[in-house]
Amino acid sequence: MPDYLVFLSARYGSWLAFLSGLALPLAFAPFAFAPVAILSLAVLLLLWQDATPVTAARRGFAWGFGAFLAGLYWLYISLHIFGKAPLWLSVPLMLGVVAIMALYPALAGYVYARFAPASVHLALLLFLPAIWALLEWLRGWLASGFPWLAMGYSQTDTVLAGFAPIGGVYLVGALVAASAGALVGLIIERRRGLVLTCLLSLWVIGAAIRPMPFTVPKSETLTVSLLQGAVPQDQKWLPEQFAPTLDLYLRMTRDNWTSDLVIWPEAAIPALLANVEDYLGAVWQAARANDTALLIGIPRKDPDNGQYFNSVVALDEVRTIYDKRHLVPFGEYFPVPDFVRRWMRLMNLPYSDFTAGRDDQAPVQVAGETLAVTICYEDVFGAEQLREIAHASLLVNVSNDAWFGDSIAPHQHLQIARMRAMETRRPMLRATNTGISAFIGPDGGILRRSQQFSSQVLTAEVRGHKGKTPYMVLRDWLLVVLAATAVAVALLADRRRPV
């Protein structure tokens, strides 16, 4: 490594790591400067060269803390501004999440410095991408999982996204890490031919794969309307806002009876299902008279056991219900002991829990199509929906990103939805309360999108898709097997780095 880099690393390593991590969110929506992801990670890799395991872990933590602090600051908005949690609780909770997420790059740094092969080529082009991918995959499911800002999402508009239908977002993230490793290799290696060949090969293969369809569109089309009522989050549950909200969505629906399917966003009706049966019955009757199917987000209470569910009600020839399966910790349920829950009640803090829906729920059948429905945050967990998606022709996500205010979170969430379309090569229909609602093509391209915080209806003709991508068949196991094999090959092909 050049002498000046050695000096900077020794003197300011943790600060340089923190600043490079702080820049990482620029690679994601709404900024979408995708190369920043590679550059940011490349800086961290340079700081890991010749570092002890403890030092590498410290720098990895600093990088992760900066990245997640800048990328998840909107948690404060959700907790304090709209969730009404006090400042003394909101800030520690946000910083706690940031710190927990930073442990993953810290662990990556320790493992890299402790076990990476002495060969720069093996370390940067094989070992590092495999370790990074395995830890991102682990972050996606361990302790409920929180895969937000997984590196692969930053590449939705680059040729690396061509690998999404092959191995999903984590494979794309592994290739971002490989690209960063190649960049570092070009800086510190004198023999640069192999490194440059590997880098160019990844991007050329991605460009060749990206146009491949993998699935086949159905012959029939469906006219769909997405409703965005834009009721502000701080007014949504006010008693005086209840009747205007019902009137708003009824009016928007009546104006679109020519559509085959009308989709309302998550919790569009600010009441429990049992309390608006007459209203929904009348809307359903009018919809049937116009040969229109409805998909409506609404919470409900099970009359038998008293459990609450975040649900979507489908109204067509029959009524079916989908209950959200993957809930948001500290948002929809509180994983705390009973004594803490009692304390929260005394402190007048939110503590009521939703119950997760069953894992074996069937895809929703409406308007002659089979829909794989997700509610808000659960579309972040792409692999969890693959069993239902295999039988579905369209993806639907209803969401309420109003919790994030005018922050980068709704843009990040839209980018995540685009990746789900890319992985499965199916159109995504996304209806949100305040934006960003969108029609997303099977290649992840945005066909139509709404403006935030305005009452809008998006209408478009869509075609369901049939068939399976390799990712739908192999799931994340392809990535896990490839990464584990890469680690084994790298370790067997070269001696371990001395500690």
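This report walks through the cores, one sheet, one strand residue and the unusual backbone spots of a predicted model.

Residues are numbered from 1 along each chain as its sequence is written. Because the model is predicted, local features need pLDDT of at least 70 and side-chain atom pairs count only at pLDDT 80 or more, while totals for chains, interfaces and linings use all residues, and side-chain values use heavy atoms, with hydrogens and water left out.

**The cores**

A good place to start is the interior. The largest nonpolar core has 108 residues, and W74, I263 and L295 have the most contacts inside it. Here a nonpolar core is a set of buried Ala, Val, Leu, Ile, Met, Phe, Trp, Tyr and Cys residues joined through side-chain atoms within 4.5 Å. Buried means under 20% relative accessible area, exposed over 50%, and partly exposed in between (1.4 Å probe, protein chains only). Helix α7, residues 164-188, gives the most to this core, with 13 residues. Helices (H or I, at least four residues) and strands (E, at least two) are DSSP runs, numbered from the N terminus.

Which residues does L295 touch, leaving aside its neighbours within four places in sequence? Its contacts include L261, V262, I263, W264, V312 and V313, and also V364, L371 and V396; contact means heavy atoms within 4.5 Å. A second, separate core has 24 residues, among them L248, W257, A268 and I298.

**The sheet and its helix**

Next comes an open sheet of 6 strands in the order β7-β8-β9-β10-β11-β12, with mixed pairing. Two strands pair if DSSP finds at least two bridges between them. At the edges stand β7 (364-366) and β12, each with a single partner strand, so one side of each is left without a neighbour in the sheet. Neighbouring strands are turned by 25° against each other on average, direction ignored.

Within the sheet, β10 and β11 pair in the antiparallel sense over 3 bridges, and M428 stands opposite I440 in β11. Helix α14, residues 409-424, packs on the sheet and touches β9 (394-399), β10, β11 and β12. The direction of α14 makes about 160° with that of β10. Axes are lines fitted to C-alpha atoms, for helices over the stretch in contact, and angles run from 0 to 180 degrees between N-to-C directions.

**I321 in strand β6**

I321 is found in strand β6, residues 319-323, and is partly exposed with a relative accessible area of 33%. The C-alpha atoms of I321 and S311 are separated by 6.8 Å, with the two residues 10 apart along the chain. Leaving aside neighbours within four places in sequence, I321 is in contact with L273, R300, S311, V312, V313 and Q361.

**Unusual backbone spots**

Most residues other than glycine have a negative phi, and most peptide bonds are trans. The table collects spots worth a look on your screen.

| Spot | Backbone value | Place |
|---|---|---|
| A29 to P30 | cis, omega near 5° | P30: loop between α1 (3-22) and α2 (35-48) |
| G435 to I436 | cis, omega near 15° | I436: loop between β10 (428-432) and β11 (438-440) |
| L149 | positive phi of about 65° | loop between α6 (120-139) and α7 |
| F453 | positive phi near 60° | loop between β12 (446-449) and β13 (456-462) |

Is L149 buried or exposed? At 5% relative accessibility, L149 counts as buried, whereas F453 is partly exposed, with a relative accessible area of 42%.
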